[in-house]
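Welcome, and please open your viewer for a short walk. We will go from one selection to the next, with a word on what is there each time.

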Amino acid sequence: MTDLFTLDAEVRTDLGKGASRRLRHANKVPAIIYGEGKEPISLTLEHKNVFRAQQEEAFYSHVLTINVDGKPVECLLKDMQRHPFKQVVMHLDFLRINAKNAVQVNAPIHFLNEEEAEKLGGTMAHHMNEIAITCLPADIPEYIEIDVANLEVGQTLHLSDITLPKGVTSDELAKGESHDQAVVTLNAAKVVVEDEDEGAPEAPAEAPAE
């Protein structure tokens, strides 16, 4: 999997929508890399390599190495544009990083033992599928596991209930207690109550008095 997070890129000087269309027709992906107080650089990458890498969940939070004309640059994926209906990556935005500087990323959540919790008769409701976190690049988790096996019907886990890896903090909790958002709830199963009178014949109307 390591090779998926190392991509070769070429610096491009031919810019504009027309140039981007020509690149895509040649199975290339236009991209840009910026950050760390340096000038943005426009890049070109091979579509087949990008498409294969973006199929991995970790690609969206993992530290990537972009070889820009042979020189390695560590970065994070900040944005990806896809074609609305074709399996085509249209554009990539990369953010340069420094190993000594904390970064903000969204770590995906993996919910464990949902079947065990739902045996109690409830249904699981996910309020979020990723958590905004801040940490050093070396501490970025591939994902955050949340075990819901012991969740009781009607119980909700909030951000403050989640144990984050060492060196990782929640961006929302850093704003204060009022930002302690719900993450997952085991809701009580809905009970359908049939109307006992449903389907019963209507009583005949009384004859009018003479």
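Begin with the open sheet of four strands, whose order is β10-β7-β9-β12 and whose pairing is mixed. Keep in mind along the way that this is a predicted model. Colour the two edge strands of this sheet, β10 and β12 (169-170), each of which pairs on one side only.

**Stop 1: along strand β7**

Now select β7, residues 103-112, together with β9, residues 130-135. These two strands run antiparallel and are joined by six bridges. To see the register, show Q104, which stands opposite T134 in β9. Then show P108, whose bridge partner in β9 is E130.

Next, keep β7 and add β10, residues 144-147. In which sense do β7 and β10 pair, parallel or antiparallel? The pairing is parallel, and it extends over four bridges. A good place to check this is F111, with I146 of β10 opposite. With both neighbours of β7 on screen, you can see the mixed pairing of the sheet for yourself: antiparallel towards β9, parallel towards β10.

**Stop 2: the three-stranded sheet**

Hide those strands and bring up another open sheet, this one of three strands in the order β8-β13-β11. Its pairing is antiparallel. Which strands sit at its edges? They are β8 (122-126) and β11 (156-158), each pairing on one side only. Neighbouring strands in this sheet are turned against each other by 10° on average, if direction is ignored.

Zoom in on β8 and on β13, residues 182-188. Five bridges join this antiparallel pair. For a landmark, select T123 and look across to N187, its bridge partner in β13.

**Stop 3: an aromatic pair**

Select F59 and Y60 and show their side chains as sticks. The structure has one aromatic pair by the rule used here. The ring centres of F59 and Y60 are 5.8 Å apart and the planes meet at 85°; an angle over 60 degrees counts as edge-to-face, so that is the label for this pair. Switch on a surface and compare the two residues. F59 has a relative accessible area of 0% and is buried, whereas Y60, at 34%, is partly exposed.

**Stop 4: the salt bridges**

Side chains with opposite charges can pair when their charged atoms come close. How many salt bridges does the structure hold? There are three, and you can visit them one by one.

- Select K28 and E46, where the closest N and O atoms are 2.7 Å apart. K28 belongs to strand β2 (residues 28-35) and E46 to strand β3 (residues 38-46), so this salt bridge ties together parts 18 residues apart in sequence. K28 is partly exposed at 24% relative accessibility, and E46 is partly exposed too, at 31%.
- Move on to K119 and E116, whose closest N and O atoms are 3.1 Å apart. Here K119 is exposed, with 64% relative accessibility, while E116 is partly exposed at 41%.
- Finish with E172 and K175, whose side chains meet at 3.1 Å, N to O. Is E172 buried or exposed? E172 has a relative accessible area of 17%; under 20% counts as buried, so E172 is buried. K175, in contrast, is exposed at 53%.

**Last stop: the whole protein**

Zoom out and show everything as a cartoon. You are looking at three helices and 13 strands. Of the protein's 210 residues, 36% count as buried; F59 and E172, from your earlier stops, are among them. Contacts are worth a look as well: of those between residues at least 6 apart in sequence, 65% join residues at least 24 apart. Finally, turn on the surface for the full protein. About 13,700 Å² is exposed, and carbon and sulfur atoms supply 47% of that area.

Terms used:
Residues numbered from 1 in each chain as written. Predicted model: local features only at pLDDT ≥ 70, side-chain atom pairs only at ≥ 80, totals over all residues. Heavy atoms only, no water. Pairing = 2+ DSSP bridges. Phe/Tyr/Trp six-rings, centres within 6.5 Å; stacked < 30°, edge-to-face > 60°. Buried < 20%, exposed > 50% of the residue type's maximum accessible area, 1.4 Å probe, protein only. Axes fitted to C-alpha atoms, helices over the stretch in contact; angles between N-to-C directions. Contact = heavy atoms within 4.5 Å. Areas by Shrake-Rupley, 256 points an atom, 1.4 Å probe, with all protein chains shown as cover. Salt bridge = Lys/Arg side-chain N within 4 Å of Asp/Glu carboxyl O.
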